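User: I've just opened this model and would like a guided look at one part of it. Here is what I have on screen.

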Amino acid sequence: MKLKTQIAVIGAGHAGIEAALASARMGIDTVLFTMSLDSIANMPCNPSIGGTAKGHLVYEIDALGGEMGRAADLVTLQSRTLNLGKGAAVHSKRVQADRKKYQQIMKSTLESTANLRLIQAEITAIVTEPYSENSYTKRIIGVKTRLGDVWECDAAIITAGTFLNGRIFVGNANYASGPDGLLEAGMLSDSLLENGIRLMRFKTGTPARVKRSTIDLSELEVQDGEPDFIPFSWRSDPEEFKSIKQIPCHIVYTNSETHRIIKENIHRSALYSGQIHGTGPRYCPSIEDKLVRFADKERHQLFVEPLGENTEEMYIQGFSTSLPTDVQYEMLRSLKGFSNAEIMRYAYAIEYDCIDPTQLYPTLEFKDISGLYGAGQFNGTSGYEEAAAQGLVAGMNASLKLQEKEAVILERSSSYIGTLIDDLTTKGTNEPYRMMTSRSEYRLLLRQDNSDERLTPIGIRAGLVKDEQKNYFEQKRELVKAEIERLENTYISKEKAMQFLEKHGLDPAKSGVSLADLIRRPQFDYDTISELDIERKPLPKCVILTASTNIKYAGYVKKQIYEVKKQEKLESKHLPTDINYLEIKGLRIEAAQKLDKIKPLTVGQASRISGVSPADISVLLVYLGIR
């Protein structure tokens, strides 16, 4: 039997799912390999989707034609919008998700997608052959399974998560394993090294899962969800979610006793005993690491969150550790309301192989191996959302390559996905990379509410966004445009404006004002001017949000657009991939070496490489004759 497919996707986590769905929906024959059909879309850490900047990624995935947002909507246990006390740019949606339902929905979606086959098999090697076209030295021609099958393929996407040479650490105990007690994948790392791919060793961890009935929740602070929320996906009707009975989460704090227990046993932590050599996540440290790094803090906030509607398991966010099991019990029971708590799954740290992402183009294709792509934690990131975003881009670009169409490269100014990929491929990372709003210099342009404005046209051009989504997008865009025009052109008389402003303790109006003028004032928004807006017609909440936000921040948005246009001049200046930077006279040695390593595709990308100065860019422009 001849085994063949166009695209092989290795790993069915969040990156692999989006990669496989994207390629299959674009008409490419796709096989998605997973070590276990039962672990598809697994959430080995907190079953939540979204959060600060991560919520932006989910909206962007949906705008491009991805699946994560829709699945998250269908399994929402609780929804909250974070950072509401700050500006619209950093408002971020987060949902607590039903873990098992999410897995079931994603598996069912994969199984029912045309052009897509799901196969349980461990991929132990990539098969390549010499290739000399552009800068490629090899090309992918197949993948090999542990059972000895060789699948021919034209492209492959590695989305191995934390499984590559995975190793679990709990106190002094450590053993080869993937997350959640699943088998690790050790042999593929050897194949990657044989093909000249540089690997790194990273570490992450997870807290214990505690039985709900053994926690005295009455002792904890209650954290309810928001009653009226906008779903992640364009496919989800907001009216459907008004009747959802949201499950409360809870908050508890560590105390002096908790800290004493941890400090007295910190030498027993795998992190501090010298067993773990991989680099851990800066922004999601273990509880023992928190105590060392933030020694002045008297307590740390922990979130107690459900794993699903039909399970007793509760997740203790912020309590990740690699301390031994006896210490886990001791420190857990020192918390208020946890004196009788029972652990259902112990906390652990996991160490795994990943790649240096500077080996990739911004398309997520390897620079030296034609047709081989990487996505997700395999690329050095952390988080389900970062993984899914990369998987979508890799699947889209692998498909476009096989269709001999232009690849999609998302600029930093277009999206958080573009920022994420540019950071990885241009700067690299020496720790698990996490997306944050502070990483983008264009935050006001990259809001959750306008993700479709920014990205759906790109999804349409790539062939991933189909007619139904396209029609929805165009209708919403027209409604937003019409509402902005109405607000800008609806004027309130001087007398009414004066009464309204005086009522709110503000200086009276000197002349008539438009409704848009009032919205621009910091004291008002779309809701607070409703008494003056007598011609207002009912509109979807998502339309109101985008229209009013565009009006309120119009001046700031205009400034950021100006900055984007300046940067676009550099982004439009393309660089050949076969330049020998080491031979360019006038380039500093550090700049030449880093340019030669990264092989930037544009002058704009070259300007963002650490160690490349404006003077180096000037030399480069002169050498290439670019003005």
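How many positive and negative side chains does the protein chain have, and how far apart do the centres of the two sets lie? After that, please zoom in on Val143: which residues does it touch, not counting residues up to four places away in sequence?

Analyst: Before anything else, this is a predicted model, so local features need pLDDT of at least 70, side-chain atom pairs count only at pLDDT 80 or more, and totals for chains, interfaces and linings use all residues. Residues are numbered from 1 along each chain as its sequence is written, and side-chain values use heavy atoms, with hydrogens and water left out.

Charges first. The protein chain carries 79 positive and 82 negative side chains, and the centres of the two sets are 3 Å apart. Here Lys and Arg are the positives and Asp and Glu the negatives, while His and the chain ends are not counted. Each charge is placed at NZ of Lys, CZ of Arg, CG of Asp or CD of Glu.

Now the setting. The protein chain has 19 helices and 24 strands; these are DSSP runs numbered from the N terminus, with helices (H or I) of at least four residues and strands (E) of at least two. Its radius of gyration is 26 Å, which agrees with the value near 25 Å for a compact globule of 627 residues. That radius is taken over C-alpha atoms, and the globule rule is 2.2 Å times the number of residues to the power 0.38. Along the principal axes, the C-alpha atoms fill a box of roughly 80 × 70 × 50 Å. Of the 627 residues, 57% count as buried, meaning under 20% relative accessible area; exposed is over 50% and partly exposed is in between, with a 1.4 Å probe and protein chains only.

On to your residue. Val143 sits in strand 8 (residues 136–145) and is buried, because its relative accessible area is 0%. Leaving out residues up to four places away in sequence, Val143 touches Ala8, Ile10, Phe33, Ile123, Ala125, Ile126, Val127, Asp149, Val150, Trp151, Cys153 and Ala156. Touching, or contact, means heavy atoms within 4.5 Å. Links across the sequence show up chain-wide too: among contacts between residues at least 6 apart in sequence, 72% join residues at least 24 apart. For a sense of distance, the C-alpha atom of Val143 is 26 Å from that of Ser382, 239 residues away along the chain.

Two names on that contact list, Phe33 and Trp151, lead to the aromatics. The whole structure holds 7 aromatic pairs; rings of Phe, Tyr and Trp (its six-membered ring) pair if their centres lie within 6.5 Å, and planes under 30 degrees apart are stacked, over 60 edge-to-face and the rest tilted. Phe33 and Trp151 form an edge-to-face pair, 5.6 Å centre to centre with 75 degrees between the planes. Phe33 belongs to strand 2 (residues 30–34) and Trp151 to strand 9 (residues 150–152), so this pair ties together parts 118 residues apart in sequence. Both rings' residues, Phe33 and Trp151, are buried.

Compare that with another pair, Trp234 and Tyr472: the ring centres are 5.7 Å apart and the planes at 40 degrees, so this one is tilted. Trp234 lies in the loop between strand 15 (221–223) and strand 16 (249–253), and Tyr472 in helix 12 (residues 467–489), 238 residues apart. Trp234 is buried at 18% relative accessibility, whereas Tyr472 is partly exposed at 30%.

Back beside strand 8, have a look at Glu122. Its place is the loop between strand 6 (116–120) and strand 7 (123–133), and it counts as buried because its relative accessibility is 10%. Setting aside neighbours within four places in sequence, its contacts include Lys144 and Thr145, along with Met35 and Arg146.

One last stop is Leu364, a residue that is not a glycine yet has a positive phi of about 75 degrees. Leu364 is in the loop between strand 20 (348–355) and strand 21 (369–370), and is buried at 0% relative accessibility.
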